[in-house]
Amino acid sequence: MTRRHGYALLTAIVALIVVVSAAIYAGIASGTGRLTAPAAGRAPGHSAAPVSSGTWVATWATSPAAAEPGTAINGMAGRSVRNVVHTSVAGTSARITLSNLYGQAPLNVTHASIAVAAGDATAAAATRTMRRLTFAGARSVVVPAGGQVTSDSVRIAVPRGGDVLVTTYAPTSSGPVTYHPHARQISYVAQGDRTEDVTGTPYTERTSVWRYLTSLDVLSDEAEGTVVVLGDSITDGVTATVSADRRWTDVLSGRLWAAVEDGRDVPRYSVVNEGISGNQVLADGLGRPSDNPSGLSRFERDVLERTGAKVVVIDLGINDILRNPRLADPQRITGGLRTLVTRAHARGLKVVGATLMPFEGHRGYTPARDAVRQQVNAEIRSGQVFDAVVDFDRALRDPYAPRRLRGDYDSGDHLHPSDLGYREMAEVFELKLLRKAGQAQL
């Protein structure tokens, strides 16, 4: 071989290495952590390689809370489940996580899709936004009983503050359906495989729960992290107007991004809601796995594993007081909260905690229980529990009857806020508390 031919061969080999390396880098940068091949039979335009710039964050999330009653035999077999979720930040690519935590058999999802909703309160998709989802390159995926799976990323323009449709179809039952019962959002169900239907017409069944879906992540060029809010029914927003996005976490997200656009010195974070109605710091619900797992039990899953988590806000403790058959020990409650903070610090997360709001007039109220709440609040206000504190108690209590919610902030059950009360919770939350600096020495 001549020297000239040798140089030519060497140049060709180097060029081949560069091309292969670029392909590997693109696969990793997509956020899937692996190369994904096109699924067989994929329709043109349904998917495309995601862009590689931006930060992966959670734009929406919810906690798998229980097994849905009445689904033990047939589950959602033979029906398309179209979950409607509301985003907190925009993105250029997306991926979802499906949970079969409470299933008793593998969940065989043969078809899944994502689309931007055509508007509010609709199962119809916006024009040209329907995308087929794949899992390790395949159209179908089996979610093991007790397990979860994350899809490949797909390129789609996800708007901030908009509704997204995530649809799954499973032809056979997996036993009880893993769900979140208090969505405060109308979703839809259709008979048969209508996964990529864009009209919404077949989706004649309405539902107020989320099924299987537990997170929607986006590759965002505007966000740099995620705020995870861990709470109970007050965070879950059980009395907020349905499909109006008036939970206090929704309002907080809106305030945060309005401040960003105003040029204020605040972090560019998404906000996701990990509230479960009835949730406690210490005690799990019944069953194996437990329905309504405690804050301590679910902290790893719902907070530490959430994509892009930077700050956690904790508003828990009132159910430890209300649901305890005996008088709750305030030291045990604050001890549990400190344990959560320690675990968050070990992962580098800042923790903002909330005081417990008044509940006189509620059927579970007693002066002794309120005394426990006051002791917990005193410890929280002392600065010995959390890195920073938001005082919901002071903000929402009646100034003339401080053991009660102010009348216009009360939904009527004397425990949960009204829409106005939820707004006030978000308004008194100082956005500077979300700056990821300073951790208390506990």
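A residue is called buried when its relative accessible area is under 20%. With that term in hand, I turn to the structure above, which is a predicted model.

I begin with two tryptophans. Trp-60 and Trp-210 are both buried. How far apart are the centres of their rings, and at what angle do the planes stand? The centres are 5.1 Å apart and the planes stand at 80 degrees. Planes over 60 degrees apart count as edge-to-face, so the pair of Trp-60 and Trp-210 is edge-to-face. Trp-60 belongs to strand β1, residues 55-61, and Trp-210 to strand β15. The pair therefore ties together parts that are 150 residues apart in sequence.

Strand β15 leads us to a sheet. Three strands, in the order β2-β12-β15, make an open sheet with antiparallel pairing. Which strands stand at its edges? They are β2, residues 66-67, and β15, residues 210-211. Each has a single partner strand, so one side of each is left without a neighbour in the sheet. Between β2 and β12, the latter covering residues 178-180, there are 2 bridges. Ala-67 has Thr-178 of β12 as its bridge partner.

Next, please consider strand β17, residues 225-231. Is this strand mostly covered or mostly open? It is mostly covered, with 7 of its 7 residues buried. Gly-225, Val-227, Val-229 and Gly-231 point one way from β17, while Thr-226, Val-228 and Leu-230 point the other way. Strand β17 runs parallel to β18, residues 269-275, and 7 bridges join the two. Within β18, Val-272 is the bridge partner of Val-228. Strand β17 also pairs in the parallel sense with β19, residues 309-315, over 6 bridges. There, Val-229 has Val-313 as its bridge partner.

I return now to the aromatic rings. The count comes to 4 aromatic pairs. One of the pairs, beyond the tryptophans, is formed by Phe-359 and Tyr-365, with ring centres 5.4 Å apart and planes at 70 degrees, so this pair is edge-to-face. Phe-359 and Tyr-365 are both buried. Elsewhere, ring pairs link Trp-248, Phe-392 and Phe-429 into a cluster.

Finally, rings also meet charged groups in this model. Which ring does the charged end of Arg-95 sit over? It sits over the ring of Trp-56, 4.0 Å from the ring centre. Likewise, Arg-406 places its charged end over the ring of Tyr-409, 4.0 Å from the centre of that ring.

Methods. Residues are numbered from 1 along each chain as its sequence is written. This is a predicted model: local features need pLDDT of at least 70, side-chain atom pairs count only at pLDDT 80 or more; totals for chains, interfaces and linings use all residues. Side-chain values use heavy atoms; hydrogens and water are left out. Two strands pair if DSSP finds at least two bridges between them. Helices (H or I, at least four residues) and strands (E, at least two) are DSSP runs, numbered from the N terminus. Buried means under 20% relative accessible area, exposed over 50%, partly exposed in between (1.4 Å probe, protein chains only). Rings of Phe, Tyr and Trp (its six-membered ring) pair if their centres lie within 6.5 Å; planes under 30 degrees apart count as stacked, over 60 as edge-to-face and the rest as tilted. A charge sits over a ring if NZ of Lys or CZ of Arg is within 6 Å of the ring centre and within 35 degrees of the ring normal.
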